[in-house]
Amino acid sequence: MRFPFPEHERFECLQPLGQGVLGPLFLVHDQQAEAKRVLGILRPEALSDLEKFRQDFDALARMDHGSLVEYIELIQEDGYLLYLRKWAPEATLAKYLWTSP
């Protein structure tokens with residue numbers, strides 16, 4: 001999928017990361033935070049229970065654990081629902097499995 005916000009004032013798309021369960025994922029530079037982030041775009045069919053998704057997102061955003069990727073922000077813009085999470089390039093399942101006790 002093409003990044004739907006090529007001229008966005010906050011997010012600069014660095015590369016597409018692939019398709020997640022909820023929709024496409026992009027590596028972006030967040031101008032506001034001056035950091036790389038993962039921006040997910042929810043597919044319309046994933047929005048069937050928007051209030052439940054917001055509750056789940058808020059719960060994930062409050063969690064602070066070394067094994068979880070940090071969820072940062074939920075954004076509604078131009079008919080899209082976006083979620084922003086921390087970019088953790090070093091966090092792979094293979095690396096975790098090989099370094100776990």
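## Order of the elements

Walking along the chain from the N terminus, you meet the elements in the order β-β-β-α-β-β-α. That comes to two helices and five strands. What you are looking at is a predicted model, so each part comes with a confidence value, pLDDT. The chain averages a pLDDT of 82, and 85% of its residues reach 70 or more.

That confidence isn't spread evenly over the elements. Strand β2 has the highest mean pLDDT among them, at 96, while helix α2 (residues 93-99) has the lowest, at 58.

## The chain as a whole

Of the 101 residues here, 30% count as buried. The chain exposes about 7000 Å², and carbon and sulfur atoms supply 52% of that area.

How much of the contact picture comes from residues 24 or more positions apart? Taking contacts in the chain with a separation of 6 or more, such pairs account for 39%.

## The first hairpin: β1 and β2

Start with strand β1 (residues 11-19), which pairs with β2 in the antiparallel sense over seven bridges. To find your bearings in this pair, look for Cys13, which stands opposite Val28 in β2. The two strands form a hairpin with four residues between them. In its turn sits Gly23, with a positive phi of about 150 degrees.

His29 is a good residue to pick out in strand β2. Is His29 buried or exposed? It counts as buried, because its relative accessibility is 17% and the cut-off for buried is under 20%. Leaving out residues up to four places away in sequence, His29 touches Arg10, Phe11, Glu12, Leu14, Glu34 and Ala35.

## The loop after β2

One of those contacts of His29 is Glu34, which is found in the loop between β2 (24-30) and β3 (35-41). Glu34 isn't a glycine, yet it has a positive phi, near 55 degrees. With 57% relative accessibility, Glu34 counts as exposed, whereas His29, at 17%, counts as buried.

## The second hairpin: β4 and β5

Further along, six bridges join β4 to β5, and these strands run antiparallel. A handy landmark here is Gln76, which stands opposite Leu81 in β5. Strands β4 and β5 form a hairpin too, this time with two residues between them.

What is unusual to look for in the turn of this hairpin? Asp78 sits there with a positive phi of about 50 degrees, although Asp78 is not a glycine. You'll find Asp78 in the loop between β4 (71-77) and β5 (80-86), and its relative accessibility of 63% makes it count as exposed.

## How β5 is enclosed

Strand β5 has a second partner: five bridges join β3 to β5, again running antiparallel. In this pairing, Gly40 stands opposite Tyr83 in β5. Why is β5 described as largely enclosed by the rest of the structure? Five of its seven residues are buried.

Now step back to Ile75, which lies in strand β4. At 9% relative accessibility, Ile75 counts as buried. Setting aside its neighbours within four places in sequence, Ile75 is in contact with Arg10, Phe11, Tyr80, Leu81 and Leu82. Arg10 and Phe11 may look familiar, since they are also among the residues that His29 touches. Another way to place Ile75 is by Ile41: the two are 34 residues apart in sequence and 9.6 Å apart in space, C-alpha to C-alpha.

## A nonpolar patch on the surface

Not every nonpolar side chain is tucked away. Leu60, Met63 and Leu68 form a nonpolar patch on the surface, with about 260 Å² of accessible area together. Met63 lies in the loop between α1 (50-62) and β4. With a relative accessible area of 46%, Met63 is partly exposed.

Conventions: Residues are numbered from 1 along each chain as its sequence is written. This is a predicted model: local features need pLDDT of at least 70, side-chain atom pairs count only at pLDDT 80 or more; totals for chains, interfaces and linings use all residues. Side-chain values use heavy atoms; hydrogens and water are left out. Buried means under 20% relative accessible area, exposed over 50%, partly exposed in between (1.4 Å probe, protein chains only). pLDDT is the predictor's confidence in each residue, from 0 to 100. Patches are made of residues with over 30% relative accessible area and no salt bridge: like charges are joined within 9 Å, nonpolar side chains (Val, Leu, Ile, Met, Phe, Trp, Tyr) within 5 Å. Accessible areas come from the Shrake-Rupley method with a 1.4 Å probe; for residues, only the protein chains shown count as cover. A salt bridge is a side-chain nitrogen of Lys or Arg within 4 Å of a carboxyl oxygen of Asp or Glu. Two strands pair if DSSP finds at least two bridges between them. Contact means heavy atoms within 4.5 Å.
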